[in-house]
Amino acid sequence: MTSAKSGRGAEPTLKRDVALANLIIERFGLSNAFGHASARIPGTDTFFMPTRRSPGLASASTLLVLDTEGKILSGRGTPNSELWIHARIYAARPDVGGVVHAHPPACVCLTQIGQPHRVVHNQGGAFYAGVPEYERVGLIRTRELGDLLARKLGSGLAVMMRGHGITTALPDVRAATVAACMLEESAGMQLRMLAAAGGDAARLRAYTREEAGSVSDQISPRVVERAWEYYALAAEQRPLGG
Ligand SMILES: [Zn+2]
């Protein structure tokens, strides 16, 4: 557990990471006006969360601090209405330090054609254990729905949300952000392969469990570090909406 002193010392970097994570999901097309990334304040049941604006407009100086009961502990403004996604996943998963919720189009398309995510290229290997689907449509605007989503996520990295989007939950916000980008990239490829195969999922050469397991390190710290460097720099150079 991080000490209170080192926790406070690390906060500026963590706040910057949360702001960048929000920028990334907007600049890379996982979200537009909606969606949000958060980070647990290490060693606590509290987390940094952006205010109710597009993730593309998030900034380190305007983050709120919330707890796992959805209470605002500091900061000005209103949190995003789906704060319960974050609050209840942090409550259920002490191992999770970062949560990303976005509405990426390829993932939403997969849920609406009844296709689970399949590992169809190396970088999809991070999800070799499968990505569960939360079937209920609509937003997660209550504690109870947050708990239902957290249960569906279980001990996994990500959950698909039918007709809605995705949520990723990993040890830190950088990893959660990279995982969200990878999942959308993978879903996009799966859709293109399905289209090229005339919609016949049986023609996809999806990786076997063993093959997928052999590339399951695609979300290791080394990979995350390299991917985060790219996404963060590229996001800072892209225009809003771009
Ligand atoms: Zn949403």
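**Figure 1. Buried residues of helix α3 and what covers them.** In α3, the residues A106, C107, V108, L110 and T111 are buried in this predicted model. The cover over these buried residues includes β6 (133-134), β7, β8 and α5. Just after α3, G114 adopts a positive phi of about 70°, and P116 lies in the loop that runs between α3 and β6. P116 is partly exposed, its relative accessible area being 42%.

**Figure 2. M160 in strand β7 and its surroundings.** M160 is found in strand β7 and is buried, with a relative accessible area of 4%. Leaving aside neighbours within four places in sequence, M160 is in contact with C107, L110, T111, H117, V131, P132, E133, Y134, G165, I166 and L183. Among these partners, C107, L110 and T111 are themselves buried residues of α3, and L183 is one of the residues with the most contacts inside the largest nonpolar core. M160 and I219 are 59 residues apart in sequence, and their C-alpha atoms are 18 Å apart in space.

**Figure 3. The largest nonpolar core.** This core has 44 residues, and those with the most contacts inside it are I24, F127, V178, L183 and I219. At least two residues of the core are supplied by each of α1 (4-27), β1 (36-40), β5 (98-102), α3 (105-112), β7 (158-161), β8 (165-170), α5 (173-196) and α7 (221-237). Of the elements in the structure, α5 gives the most to this core, with 10 residues. Leaving aside neighbours within four places in sequence, I219 is in contact with A126, L157, L170, A175, V178, A179, M182 and V224. One of those partners, V178, also belongs to the residues with the most contacts inside the core.

**Figure 4. A second nonpolar core.** A second core, separate from the one in the preceding view, has 21 residues and includes F47, I89, V99 and V159. Of these, I89 is also listed among the buried residues of α2, which links this view to the next.

**Figure 5. Helix α2 within the structure.** Helix α2 spans residues 83-92, and 8 of its 10 residues are buried, so the helix is largely enclosed by the rest of the structure. The buried residues in α2 are L83, W84, I85, H86, A87, R88, I89 and Y90, a list in which the charged side chain of R88 appears alongside nonpolar ones such as L83 and I85.

**Figure 6. L20 in helix α1.** L20 is found in helix α1 and, at 5% relative accessibility, counts as buried. Not counting residues up to four places away in sequence, L20 touches W228, A232 and E236. L20 and T177 are 157 residues apart in sequence, while the distance between their C-alpha atoms is 9.4 Å. Helix α1, like α5 and α7, supplies at least two residues of the largest nonpolar core.

**Figure 7. R53 and P116, two partly exposed loop residues.** R53 is found in the loop between β2 (46-49) and β3 (64-67) and is partly exposed, with a relative accessible area of 46%. Leaving aside neighbours within four places in sequence, R53 is in contact with A33 and N80. R53 and P116 are 63 residues apart in sequence and 30 Å apart in space, taken from C-alpha to C-alpha. P116 and A232 are in turn separated by 116 residues in sequence and by 29 Å in space, again from C-alpha to C-alpha; A232 is also one of the residues that L20 touches.

**Figure 8. The whole protein, as a setting for the close-up views.** The protein has 7 helices and 8 strands. Its radius of gyration is 17 Å, close to the 18 Å that the globule rule gives for 242 residues, so the protein is as compact as a globular protein of that length. Along the principal axes, the C-alpha atoms fill a box of roughly 55 × 35 × 35 Å. Of the 242 residues, 50% count as buried, and of the contacts between residues at least 6 apart in sequence, 67% join residues at least 24 apart. The accessible surface comes to about 11,500 Å², of which 51% belongs to carbon and sulfur atoms. The protein carries 27 positive and 22 negative charges, and the mean positions of the two sets are 4 Å apart.

Terms used: Residues numbered from 1 in each chain as written. Predicted model: local features only at pLDDT ≥ 70, side-chain atom pairs only at ≥ 80, totals over all residues. Heavy atoms only, no water. Helix = DSSP H or I, 4+ residues; strand = E, 2+ residues; numbered from the N terminus. Rg over C-alpha atoms; globule rule 2.2 N^0.38 Å. Buried < 20%, exposed > 50% of the residue type's maximum accessible area, 1.4 Å probe, protein only. Contact = heavy atoms within 4.5 Å. Areas by Shrake-Rupley, 256 points an atom, 1.4 Å probe, with all protein chains shown as cover. Lys, Arg positive; Asp, Glu negative; His and termini not counted. Charge placed at Lys NZ, Arg CZ, Asp CG, Glu CD. Core = buried A, V, L, I, M, F, W, Y, C linked by side-chain atoms within 4.5 Å.
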